[in-house]
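Subject: Structure handover

Hello,

Please find the structure below. My notes on it follow.

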Amino acid sequence: MRIAENLKNLRLTLPEEITLVAVSKTKPIEDIEEAYASGQRIFGENKVQELVTKWETLPKDIEWHMIGHLQRNKVKYIAPFVSLIHGVDSFRLLREINKQGAKNNRKINCLLQLHIAEESTKFGLSAQELEEIIDAQIKEPLPFVTLTGLMGMATFTQDEDQIRREFQSLKYIYENTKQKLPSVQNLSMGMSGDYPLAIEEGSTMIRVGSKIFGERNY
Ligand SMILES: *Cc1c(COP(=O)(O)O)cnc(C)c1O
C-alpha cells in the first residue's frame, strides 16, 4: 500500500502536463505491480537485462523507458519493445538504435542526453556534439529513430542555485533544438531530489524512483 500512497501523493503535486516515469530499477516485480494497480503505466529501468525480464513478466500495456547508459551491443535486446531511450549520448549509439529499429520494423523514440552537471562522471553530449547530431538528423534523417527530446542530470549537490542554473541551461538548449527539429517535444529532467526545481525550470518529464518505491539497496 505504501507505493500506491506515495504515487497518489506525488501525482497530487504534479501539473497535469508532466509525464511521470516511475523508476523501478532494482525493485521487485511486486512493487511494479502495486504501482501498476494504482494506474501507473510508464516505468524506467537502467539495466538492459533487468528491463527485458520485467517486460517479459509484466502486462504488455506498460511503456518501458531505458533511462541508463546504454551500450551499443545491447540495443538489440530492447529494440523490439522499448518505448523511449533517454540516454543517447553518441551518434554511433543513435545509428545502432536506427539499425535495430530497422530490423524490428519500428521507429524508436530517443532523447539525446546532454552533459550539464559539473561531475565528469555523468554521461552526455556537449552542446556542440548535440548540434552536430541535430544537423545531421535534419539533413539526412535516420529513418528508424525519432528524436523526441533531450535529457539531462544535474550535479548531485545541496546547492539549489547550481541545480537551477544547470536546468536553465538545458532548457535553453532544448528550446533552440525544438525550433530546429519539431519532433523534439520532451525535456526529461528531474529526479526524486530535484524534480520540483526541474518543473519550475521547464521540465516536461520527470524520472522518479526512491520517492515512489523507497530507497534502493544495491
Ligand atoms: C535512478 C535514476 C533516477 C531516479 O532516481 P531517484 O533519485 O531514485 O528518483 C532517475 N534518472 C536516472 C537516469 C536514474 O539512473
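Which polar backbone atom is 2.8 Å from an oxygen atom of the ligand? The atom belongs to Gly209. Please keep in mind that this is a predicted model.

**Ligand site**

Two side chains also come within short range of ligand oxygen atoms. Ser192 places a polar side-chain atom 2.5 Å from an oxygen atom of the ligand, and for Arg216 the distance from a side-chain N or O atom to a ligand oxygen is 2.7 Å. On its own the ligand has 390 Å² of accessible area, and the protein covers 90% of that. The residues surrounding the ligand are Val23, Lys25, Ile67, Met151, Met153, Met191, Ser192, Arg207, Val208, Gly209, Ser210 and Arg216. Sorted by class, this shell consists of 6 nonpolar, 3 polar and 3 charged residues.

**Ser188**

Ser188 belongs to strand 7, which covers residues 186-188. Is Ser188 buried or exposed? Its relative accessible area is 0%, so Ser188 is buried, the cut-off for that being under 20%. Its side chain makes a polar contact of 3.1 Å with the side chain of His86. Leaving aside residues up to four places away in sequence, Ser188 touches His86, Leu111, Leu150, Met151, Gly152, Met205 and Arg207. Among them, Met151 and Arg207 also belong to the set around the ligand.

**Helix 5**

Helix 5 runs over residues 91-103 and has 13 residues. From first to last C-alpha, helix 5 reaches 19 Å, close to the expected 18 Å. Its buried residues are Leu93, Leu94, Glu96, Ile97, Asn98, Gln100 and Gly101. An α-helix has 3.6 residues a turn, so residues three or four places apart point the same way. The buried residues of helix 5 pack against two helices, helix 4 (75-78) and helix 6 (127-139), and against strand 4 (84-88), strand 5 (108-114) and strand 6 (145-152).

**Positive phi**

Two residues other than glycine are worth a look for their backbone angles: Asn105, with phi near 50°, and Thr26, with phi near 70°. Asn105 follows helix 5 and sits in the loop that leads to strand 5. Asn105 counts as exposed because its relative accessibility is 64%, and the cut-off is over 50%. Thr26 lies in the loop between strand 1 (19-23) and helix 2 (29-37). At 35% relative accessibility, Thr26 is partly exposed.

Regards

Note on methods:
Residues are numbered from 1 along each chain as its sequence is written. This is a predicted model: local features need pLDDT of at least 70, side-chain atom pairs count only at pLDDT 80 or more; totals for chains, interfaces and linings use all residues. Side-chain values use heavy atoms; hydrogens and water are left out. Helices (H or I, at least four residues) and strands (E, at least two) are DSSP runs, numbered from the N terminus. Buried means under 20% relative accessible area, exposed over 50%, partly exposed in between (1.4 Å probe, protein chains only). A polar contact is a pair of N or O atoms within 3.5 Å; within protein, one must be able to donate a hydrogen and the other to accept it, and residues adjacent in sequence count only if both atoms are side-chain atoms. Contact means heavy atoms within 4.5 Å. A residue is near a molecule or strand if one of its heavy atoms lies within 4 Å of it. Accessible areas come from the Shrake-Rupley method with a 1.4 Å probe; for residues, only the protein chains shown count as cover. Ala, Val, Leu, Ile, Met, Phe, Trp, Tyr, Cys and Pro count as nonpolar, Asp, Glu, Lys and Arg as charged, and the others, Gly among them, as polar. The expected span of a helix is 1.5 Å times one less than its number of residues.
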